[in-house]
Structures are given as C-alpha cells and as structure tokens.
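Subject: Handover of a structure

Dear colleague,

Please find the structure below, which I am passing on to you. I would be grateful if you could read the notes that follow with the model open.

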Protein chains: 2
Amino acid sequence: MRFTAVGKRVPRLDGPDKVTGRTQYGADITLPDMAWAAILRSPHAHARIVRLRTEKAAKMPGVLAVLTGKDFPRKDGEGVPILARDKVRYRGEGVAAVAAETQEEASAALAAIEVAYKPLPFVADVRQAVAPGAPKIHAESEDPELPNIAGVSKVKRGDVEAGFAQADRVFEDTFETPWVHQGFLEPHVSLAEVNRGTGGVTVWTSTQAQFNQRSDIAQALGLSLGKVRVIGLPVGGAFGGKIALCLEPIVAELARRSGRPVKAVVSRKDDFVATRPCGAAVMELKTGVKKDGTLVAFQARMLFDTGAYPGAQHDTAASLAQGPYRIPNIDITAYGVYTNKAPAGPRRALTSPHVHFALESQLDIIAAALGLDPLEIRLKNAARKGDAVAGGLTMPYNSAASVIRTAADRAGWSPRRGAARGSGSKARGLGIAGGHWTVWAGASSAWVEVNEDGTISVVTGAINLTGTNTSFAQIAAESFGVPVSQVNAHQGDTETSPRNDGSWGSRILFAVGEAVRRASEDAKRQLVEALAEELETSPDEIEVSGGRVRAKGKSLSLAEAAERAAEYRGAIIGRGALSDLDYGVAVAAQVAEVEVDRETGRVEVKRLICAQDVGFAINPMSVEGQIEGAASQGIGYALSEEYVYDGAGQLLNDDLMDFRMPTSLDHPEFNVALIEERKDKGPYGAKGVGEPPLVPTAAAIANAVYDAVGVRLRELPMTPERIVRGMRRAS
Amino acid sequence: MRFTAVGKRVPRLDGPDKVTGRTQYGADITLPDMAWAAILRSPHAHARIVRLRTEKAAKMPGVLAVLTGKDFPRKDGEGVPILARDKVRYRGEGVAAVAAETQEEASAALAAIEVAYKPLPFVADVRQAVAPGAPKIHAESEDPELPNIAGVSKVKRGDVEAGFAQADRVFEDTFETPWVHQGFLEPHVSLAEVNRGTGGVTVWTSTQAQFNQRSDIAQALGLSLGKVRVIGLPVGGAFGGKIALCLEPIVAELARRSGRPVKAVVSRKDDFVATRPCGAAVMELKTGVKKDGTLVAFQARMLFDTGAYPGAQHDTAASLAQGPYRIPNIDITAYGVYTNKAPAGPRRALTSPHVHFALESQLDIIAAALGLDPLEIRLKNAARKGDAVAGGLTMPYNSAASVIRTAADRAGWSPRRGAARGSGSKARGLGIAGGHWTVWAGASSAWVEVNEDGTISVVTGAINLTGTNTSFAQIAAESFGVPVSQVNAHQGDTETSPRNDGSWGSRILFAVGEAVRRASEDAKRQLVEALAEELETSPDEIEVSGGRVRAKGKSLSLAEAAERAAEYRGAIIGRGALSDLDYGVAVAAQVAEVEVDRETGRVEVKRLICAQDVGFAINPMSVEGQIEGAASQGIGYALSEEYVYDGAGQLLNDDLMDFRMPTSLDHPEFNVALIEERKDKGPYGAKGVGEPPLVPTAAAIANAVYDAVGVRLRELPMTPERIVRGMRRAS
C-alpha cells in the first residue's frame, strides 16, 4: 500500500513557537483582577499537626482566602490529601494555602499562619520502612507481616521452585534505583476562576490529562463534572509528572472563596521536593538458568518507594519484570512501600526502566558467568508469539528477537564473552539490553470537520505532549488524500472536545490516532452520502482521492464537494470514539557504546543504537525524536540523576544545577532503527513509541561499562565515584 | 405533550458574571509580550490620497510594523477595503495602521505618517447622492440612470397600475429614518497572534459571527481557513454591529509582520463614526385602498444609505416592505445608495424597522382618512396562510391576525377613529403597529456528549449573544429527562467547535437549537444502542427518561449507563448538523401608550404591549427579555437616536452622552404576550424571537403620538423639537 501522508517525515507544527520562546505557558498567563496563591509546606518529614490557626493570616493585608485540609471533603485514606490533615507525612506537604492580591502578600500571609508540629520518627527509605519496628506512616499495612506496605502485586506462573530445581545455575542479585525527578523544565502552574452564574470553575493547568483532572477536581471540590472546565495548557515537559492533582483544587477552591481568578506557580525547589517525583526501588532477583543460557525460573521480590501516599508503581513492575523473554516459571512480588517522601508519581514507562535495569544487568551477569555472548542469551530467550510475558498477557507477535538482532546488527556487534580489559586512560565498551512496554487504548475520541474551503479540522481532547497533533493531521490527510498542510489538528479543552484519557502510557497515537482515523473515514462517508443523494447516484459511484471527489464523470475539489454537501445537509463532521483496541506490545532494544575514563570514572556514551518495534511510524521524524529523547533521559538515569538526601531526610539537590540531567551537549551519536510490524490495531498499525525507548537504556549502559572496565554496578546512577570505587575493588 | 425542561423559565447562566462585572471582555485580555495597534483615520469625507509615506513612522520608538492599504490583497470593488487605497470615502476610514510596544508609541507613530489628501466634493445624504451631477463615490453605478447606486432590489407581484386603478383612494407619503448606532456598549476589540510553526493566526475578537470572520480574515490575508483560528469573546452588545470585519485583519497582519501578539481597541468616538452604523433611509410609499380599507396596490421607492461601500440593506427592505399584509399588487424598488459616510451595517432586524415605520404609519394615515379604526384596517388586511408576503415567500400560517388582535386585547384597545384632541398639559394616546421578520437556518451544528457522571455537555460554535446557551441546555435536558443544571452548553471557537453561521437574523435558537436537539437525540440513540448490545437486548427495550435508563427490569442512572456504554464502545457523542429548515415567519404587533407633554414636546412611553408569534418559547424568561430589550431599542429609535452631522459631514454626537439611547429609567411598563403556533421546524416548534420585536415599535409610538396630539411625524426620531413644531403647525 502506498501512502501519501502517513509514514512521512513532518516537522512538528508546534515546534517553531516552542523553540523560539513564543509559546505561552501557564506562567505567562494573566487574568484580569487575578489574585495569587501560595502554599505553606511542612518543614518536617513526619509530624503530627498539634495546632493550626489561620485567623491572623486571614487578616493580613491583601489576603482574600485561606484554606487548610479541613476545607476539602476528601478523607484520610483516599489517596493523596489536597492539604494535610492532622499529620504531615513528607517534607513539603501542603498544610495551608492563601490567596492574596499579590505574590508578596500571599507569602507574607503564610508566615502569619500559626502551626505547631510534634515531630515523629521518620522513614527514609524502603529498607528501613519494611524493617521490624519501623515508624508507621499510615495505620494499616497491606501486608500483615510487613509494616508500611501500600500495596502488593504478584505474578505467578508455572512452578518457580521446580524451575530452580531444573536449573544448572541460579543467580541472585540485588539492584537499586534512586528517586529522580521526571525532568520536566516547566514547573507546575495552575489558574482558576469561577463562573458566578453556574457556580462552575474553570482551571487552566499544565497537565497531561485534562479529563482526568476534571474528574479529580470535581471530586475534591464536590462538584459535578459539568461544573468543572479544565483547559490544558501547552506543557513544558511532563513525562508522567503532570497527571495527578497538584495546584488545581487549591486554586479552584481559593477562586470559589475569593470570587477572584487565582494563580499559582510552584517554585523550582518545591517542584523537586513536593510534587510527584519517581520513586526509588530495591529489586532482588533470583534467576535459574540452564548451562546453555535457557532461562527456566525467575523470582523477584521488589520494593517500590511510593512515598507518603499510595501509588501503583508496583503493579507495572510486577507485570513487566520478566522482560520480553520466555521464562516458564515465574514468581514475582512487588510491594509499594510507604516512606516519608513526597508521593511518588509515574515517570516515562513507569517502573519498566527500573525492572529492566535489574533484569538486563543480571542477564549479562549470567552470560559472563556462563561464557555466553550477551546477544546470544537474549536471542535464545526472546519471547515468541503466544509466550506469556506481561502479567496475564501473551506476546502477540515475534518481534522481540528481530528488534534485539537489529540493534546488534546496527551496532556492528561482535560476540563478546566476559569483559574486555584494555589499558590506556580511556576504555571503550559495548552493552546491549532489551525491554518492553504494553500499550492500551482507554477513552479516545475525535471529531473531524471538512471546512468549506476543503481544509480539514481535527479536534481531540488529547494533550499534545509529543507532537501527536501533527500525526493526527497526517492521518486525516491520508483519509482524504490531501497534503498535511491542508489539515489542522487541535487540542480542545474538557468542554469543547470529546472525552479522552490522559497523555500517558504511549497511548495517544495508538488509540486517539485510531479515533481520528475513524472520524476521518466517517466524515468521508458523510461527504460521499450527501453527494450521492444530491447527484442521485450510489455512494459506490463516488471516489474520494488525491483531494478530489469524482462522481458521474465530474471531478470536484474537496472544497466544492464539501460546500455542496454542507448546503445539502449541514456541515460534514465525522466522529470517532473507542475505548478498547486490545493491546500492543512494544519491544525496544538498545546497544550503548561507552568510553570510561579510568582515572576519573566518568562515563561518556559515544553511540546509542536504538531499535524498536513501532508498529508503523506515522511520522518517522517524530518517532525518532521520541526515541532519542527517551534514550537521553535514560542516559541521565544511568549516569547522573538521583535525589540526594541528608540524614534528616532533607533533599540536598533541589535545583537544576545540582540535580544533573543530560543536556543536548551530552547526546551521543544516535542510530535509530524503526521496525514496523504493523500488527496492532492502532491507525495503520501504529502503536505507542514514547515510553519503550527509556526502558533498556540504563541497562545497556551498565552492560557497556562492564564491557569496558569490568565493573558491574548494581545501583543507579553510575556516578564517576561509584565507577572509580568499582574499579578499585576490581583491581 | 408535557415538557420537563423546555418551556420553563431559566435564568441566563452567563447573567450573574455579566451583571457583576466579572465577565472578561476583549479589552480585559492581555497576552504576554503583547504589542498595541493604532489606526490612522481619514479626516476627510471624500478625498484622493496624494501621498502616503510611512518610513518615518516605521523608525519611531517602539514601532514594530506599519501597514497601508497596499498590504492587503483585496482590490477596489471587493467590498469594504481593510485600509483605504488611493481614495478615502468617509471620515474615519482607515488609511494606515501601526503596531508598537505601547499604546502611546503607536499613537505617536500615527502622527509621523505623512499623508497628503486632495479633498473631493462629498455626498452627505441619499437625496443628494441620486441627484443629477452628484459627486461620484465609485466609478460605476448599479443603475445607469442614477448616480451612486450600490445595488437595486425589486419585488413585483400582480399589476400595480391596475391596482391603483381599482383603488378608491391612493395615498402617497414619504418617510425618513436617520443614521443610528446599533447601541452596543462594548466597542470593537481584537487581538491576534501568530503560530510560527503553521504560519496560522489566532484572532480573539468581539464578534457575532466567528466562522464568517474566519472566512473573511482568511480572504483578507490570503490564508486558507485552516490557518485562521477565531476565538469569539464574550460580546458586550452587538445588535448586528459586530458581523463584518473591523480590526481583525489589521491586528492579524500586524501580528504576522511583528511576530508579536497585537491588540487593538476602538475608541468610543471611532466606534461611532468609523465602524458600521445603521444607515438612513428615505421611503416613498404609494398605497391604493378600497373605501372599506382593503389594500389593493402598494408601490414603494426607497433609498437606503449604504455609506461609502456596498451593503445589502435594500434587499431585506424590498422583501419585507409590504408587512404582514395581503396586498395583491406590489411594485417595490429599493436602492442601496452610496454616500460619504461609514459603510452601513445591519442593526437588529436589518431594515425591517425602517419599512414598517413607513408602512404602519401610512396605514394609520389611511385609517384616519377613511374613518376606520387602526386595528380594523390591520385585521382586515392581515395575511393568511398562503398569502404572498416577503419577496418570494408565502405566509405559512394564519398567525398575523391573532398576533395583532392579542396585542390590541391586552392593551384594552377600543376603536378609535381620528386623533383624540384633549386638553391639559399632557396628552395620552394609543398606537398600534404590526410587522414581520423571516427566520432562516444556515449552517448549524452541535455536539452533545454524555459525561461519565451523567452530566451532559453541549458544544456549538454559535456566539452566545442572547442566552441561547441556556436554551441549548434546556433542549438537551429535555431529550434525556434530566434537570437543566445537569447540562452545560458551551461556545467553542472555530477550531474546537463545528461550523455555525453567525448569531444574526434570530436564527440561533431556531436552527442551532434544532441541531442541538438532533445531537441530543443522536447521543441518546448511541447510548441505547451500546447498552442494547451489551445487555443483549433490542434498543426498543431500552427507555431513557427522567434521567434514568431502564432495560430488562434494571434501572440505571444516566451516569451508570453512560459509563457502561462508553466502556463498551467509547464516549457517547451525538452530532447534529443542518443547513436548511425551510423558513419561519415571525409576526409581532405592539401597542404603545404614550404621554406627550404639550409644552415641551417630550414623549414618554407609558406602556408597551408586545404580542409575538414565537413558535414555542424554549425559555419564556429569555424570550420576554429579548422582546423587552428590542422594544426598548425601538423606543430609542422612535424618540431620540440619530446621528447629527454638521455641514462638513462631521458627526457631532459621537459619544454616549450626546447620542441618546434609552436607559432602564426610560423603560415603560411592558406587557408581553407570547403566541405559540408551534408550526415551524425549529426545536419543539421554536423560531427566532430577537429581532421581530424591534420592527413595529417606532410605528406604534408614532401612531400613539398622533392619537395623543394629532401630530403625524414622518421622520424619526420624534424629538421634542419636532413634536412641538408639529403641534404648532397643527394649531
């Protein structure tokens, strides 16, 4: 099949405004008569609130309204409180909020809030959290044996003990990953105003998920959905960090009480410490293997730091921990563990990068011990169609082996058995890793209208994080055979667009893209039917292609046809709505080539070869961008990013200077291979691509470091200090 | 049929924010990094532009861009130029525009534009315009015999000469109406910004017709529709004055050239003189009548001042001039006539108030001459179903007589033959007048979504001028049997809503309301089908009423049903689109009771009885508000509003102090009778109601003045000066 619009490289339509600083983000917005909100945050990691008085603050100059946790109907135990009640469970937890005429007056009023705390012993990490006698953060634990368990997820298949019994060798390793920030550059920002006629609130916010925000705000404020309008703003980075409520219910409630529009911007420091960073993990893996490298049993016990309130990180971890490999006997237990940290949020691919760092590092440990080539052990065990892989799912196709092989081929992989031990001040090494991610549909809807000049408008409520609007334009253009420039795809808000779930899980192009395709086809069908009626012919006699409509020997431009059809029976508006497309499994594999400075321990990633089954690349430029971006994030995860705390649980590196993310100067040479299996039900076979490429990166780099200098690090990030310490141990 | 939501009195949802000053109008909006535009306007009514140099202005401090007429591809003869080229044709015509960092810098730069004019003789009014030897405003005239004719519209039926031959009496009268401002309080305001990626422009503007603005802006700037996004702002009054382009293409082009958001607000004075006021008219009527009052022939020759550029006022005038009466022989010629005034725009009901002031005044002249009761002559001639009335249209029902009779009955009308001649300082009088208006559909579309909590969202692209969103909510609520508070109706912009023609012609509730009804029914059908599939039953077995869904003995809330259906096959989104609903004829009749001060000539309207065939009042509170508002406007038109010019063609009363509109203190006692024929194809039989009630008011007041003091004024407004002069002539 030959395509005219999809499968082509199209620059992101929102790109130029973004790179030239023209895009208006939330912080740029000013509403008339706007007041400012500020939030009083806990200085303690764990404390009882003994007294909280806001009377003085309420009388401070310019103060319009003051809120505390009592002002929100949400009860303890129902997820993350909007503001703390009775107890604070992490440093930076919101205790009270103020709206005032100016930012300065709002800050001054915070100082006038009287709050007395009784500090409690606090839990700094997951190991401490599950140790006997640990301070209890919540009254109940999900596991009667262990304190501070927020949730448990288990995956079992086969008989893992029998599997270990069959194994020639059993490997046990523990891996650790740190707390990290998602790395979005734009801090959280929200504005709200109230409609006096309806009592409804309008909230402008930097979010990945405006409809989910609508539900959550409505619930927090006790309003119906119809009374909450969420206008998703251009997002200056999110990566999972802008899904949950943050400022939204606070500015909305302050707007209701003050009768004024209210704005709040989270400071960089608060954004680091008090929003939803990605939690740490401790992962104990026990893997049984035959001499030839065949995996026969896999057991994992994993602790995922969920911070002070429940999260779902452990579910994904349990589901994906076995990687894209065939392992007959499985016993995985993943815990969500409370600590006195900010509630953990998702980050790109959730906990899949965590578990693949563990698994893919261990595969290389196994390969080295058995004298096998790391590529060979992966190909031997790669899951094939029908193999059970993720939780209750089976692999729907054979792509795993071909993706892994493609990465290796592109990298010029040659078999390696055990680490190379060169000399000289710098050592080069090559490492490979695979990984997978499961893509689901969720609520997905789109409208497609044919305008009277033949241009086409696409409307969805999906937040355009990654250039999906550009791909939507391609999909609609393909339906009508018009140039992409003839289509405009727009993000509506929760009132002016049909319902869509959030921009997460790499679902947008897969699911909303399919809704756009269906809406385009629906619009085309309406156009054809209207013309058939007008021209008194059968719809089958009418052909739409190349931007023209041919019927009864006539050839009309799309503009002429749309105008005639619209005059005949109203505007041509196609609809696409779905909630289920089955699932797509996206396998990624990467080869990293690193150079390790033996003296300083500094690791430089020289090349990163990324192969991925993308289903079908609607916009290869965009897909490559996603892959390079995610893999860059993986480099930061591998080498430099981590939250560093002092003994009192205080975050020490709460800014972009000290929390070290890679910049464009740190980018390696990328080599991206797109594998197009076209087996999924996304538009033209496309599936999600944004998250999988972060999954294997850290492991590939860890394996490359081992290949270069023989140092196996089981803890991220692989800082120069840890590398040097590792080399000293090894020598 | 019993209704639960339509036909009920529901306060406007946007009311409280408007009356408490909370609504944000265009002037309130500030975009980051925004520049300001200012427009250089012609000080001459008619002049050749001899020289126009902008180089100095372009170098003034803060100046970002300068435009002249050459910067717009539009050619002479294609409607109103964005900025004048070669010639200016009215005082206040735009000659150049500047964008600068501040309003002050923009104004200062205007002074630095070098422009030399060669003044030309100018045309002050329509009589002068068509006189032999008049200065020519455009090279060509539509009528070879007459100069300065912009357009001609003729309606002929029967044989008017034969009609006059049959008549017992023939009456010839000439009536005049002045230039007036539409009376909107919010001056024109627009903002624009450019998307660098797409090259598209976004324009925020106070408009009645965002989709038509989109087309016009696209044409002015040479862009496709997909490159122009128009966001219709809350409108602080429009009444026909905010349909045509005003600032929009200027700020859009300045934004494109400066790369900055650009804002412009028209000053009150410029809004009076240089936007699109409603033009003057001179109407010569010749009517043949039998002794018993039967109308047998009607001839009209009317001149409508279209200002310096073409307009379509004369078309409506010719079509509606015979009123809602049966007249077998008709010969109407209406001219659009150029003068050196601002291009005329429509005002509520276009020129129907003009022609009905003439016709309905003449009917009373005839009645008085024949010794007939004014009510009697109207009832005798009232058009019945099948009678030809407006242009090529026939009256689709018999409402005319019943509307007229209802007004008279409500007023306590008693037969009156000739004017009462009382004594005392104040005289009371009663006058009656009828009138009609034709309502058309045009492009009308809506989406209706059922949210997961059972609330319902309605989206249209119709500008919510008159509270139509509240009525849309009622219509959707009626479909699902839920309370109106469970529905939110929203105005999207041209990108996020389906296409709709402008809010004009009283078409919104009639046509877009019907689209909303269809979309609601479509959503209901989808809900039922999805549930039927899921529950394995027939759609016929499922009932939606009272906000509940009943199937197979189960009763689900709308929320439960919507969520189940959505999970099963995606969000429930109904669609309604139409372009044609035939037409509705809206007949209005009013009786005015006035008190005339014999000494000062001041007329006070004491009571105004308004009867109107509204088809069906979806929201009677809103319909009554429309009728009272329109009739109040009619009081201003009758008694005080007019543009006063000096001999040089300069407008003397260009502000709200000197252009005297009635305020709420001038409101009479209203008595509104809604007649519900329910014969039209609007939702539940509703038709447009906003314009008809302005149609008879001026004539009813003129007839009441005659009834009170025996003074027949053939010219509006009936100022105290004219009344006193009339009384002096009569005494």
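The notes below take up the two chains, then several sheets, a helix and a buried residue.

This is a predicted model, in which local features need pLDDT of at least 70 and side-chain atom pairs count only at pLDDT 80 or more, while totals for chains, interfaces and linings use all residues. Residues are numbered from 1 along each chain as its sequence is written, chains are lettered from A and ligands numbered from 1 in the order in which they are written, and side-chain values use heavy atoms, with hydrogens and water left out.

The two chains

A turn of 180° with a shift of 0.0 Å along the axis lays chain B on chain A with an RMSD of 0.1 Å (superposed by least squares on the C-alpha atoms of residues with pLDDT of at least 70 in both copies). The two copies are thus related as by a two-fold rotation axis. Both copies use the same surface, since 100% of the contact residues of chain B recur in chain A (contact means heavy atoms within 4.5 Å). The residue of chain B that comes closest to the rotation axis is Thr496(B), at 2.9 Å (C-alpha).

The seven-stranded sheet and helix H3 of chain B

Helices (H or I, at least four residues) and strands (E, at least two) are DSSP runs, numbered from the N terminus; two strands pair if DSSP finds at least two bridges between them. In chain B, seven strands form an open sheet with mixed pairing, in the order E3-E5-E1-E12-E9-E10-E11. E3 and strand E11 (228-232) of chain B stand at the edges with a single partner strand each, so one side of each has no neighbour in the sheet. Within this sheet, E1(B) and E5(B) pair in the antiparallel sense over six bridges, and Arg41(B) stands opposite Gly94(B) in E5(B).

Helix H3(B) lies across E1, E3 and E5 of chain B, at about 30° to E1(B) (axes are lines fitted to C-alpha atoms, for helices over the stretch in contact, and angles run from 0 to 180 degrees between N-to-C directions). In H3 (residues 103-111) of chain B, Ala106(B), Ala109(B) and Leu110(B) are buried (buried means under 20% relative accessible area, exposed over 50%, partly exposed in between, with a 1.4 Å probe and protein chains only). They cover an arc of only 105° around the axis, and therefore lie on the same side of H3(B) (the arc is that of the directions from the helix axis to the C-beta atoms). The face turned away from the buried side of H3(B) carries the exposed residues Glu104(B) and Ala111(B).

The three-stranded sheet of chain B

Strands E20, E21 and E22 of chain B form an open antiparallel sheet in that order. Four bridges join E21 (residues 548-551) of chain B to E22(B), where Ser555(B) is the bridge partner of Arg550(B). Helix H14 (residues 508-535) of chain B lies across the three strands E20, E21 and E22 of chain B, at about 40° to E21(B).

A buried loop residue

Asn653(B) lies in the loop between helix H16 (620-639) and strand E26 (669-675) of chain B. Its relative accessibility is 6%, so Asn653(B) counts as buried. The side chain of Asn653(B) reaches the backbone nitrogen of Val644(B) at 3.0 Å. Leaving aside neighbours within four places in sequence, the contacts of Asn653(B) include Phe272(B), Tyr643(B) and Phe659(B).

With kind regards

Definitions and conventions:
Polar contact = N/O pair within 3.5 Å; in protein donor to acceptor, adjacent residues only side chain to side chain.
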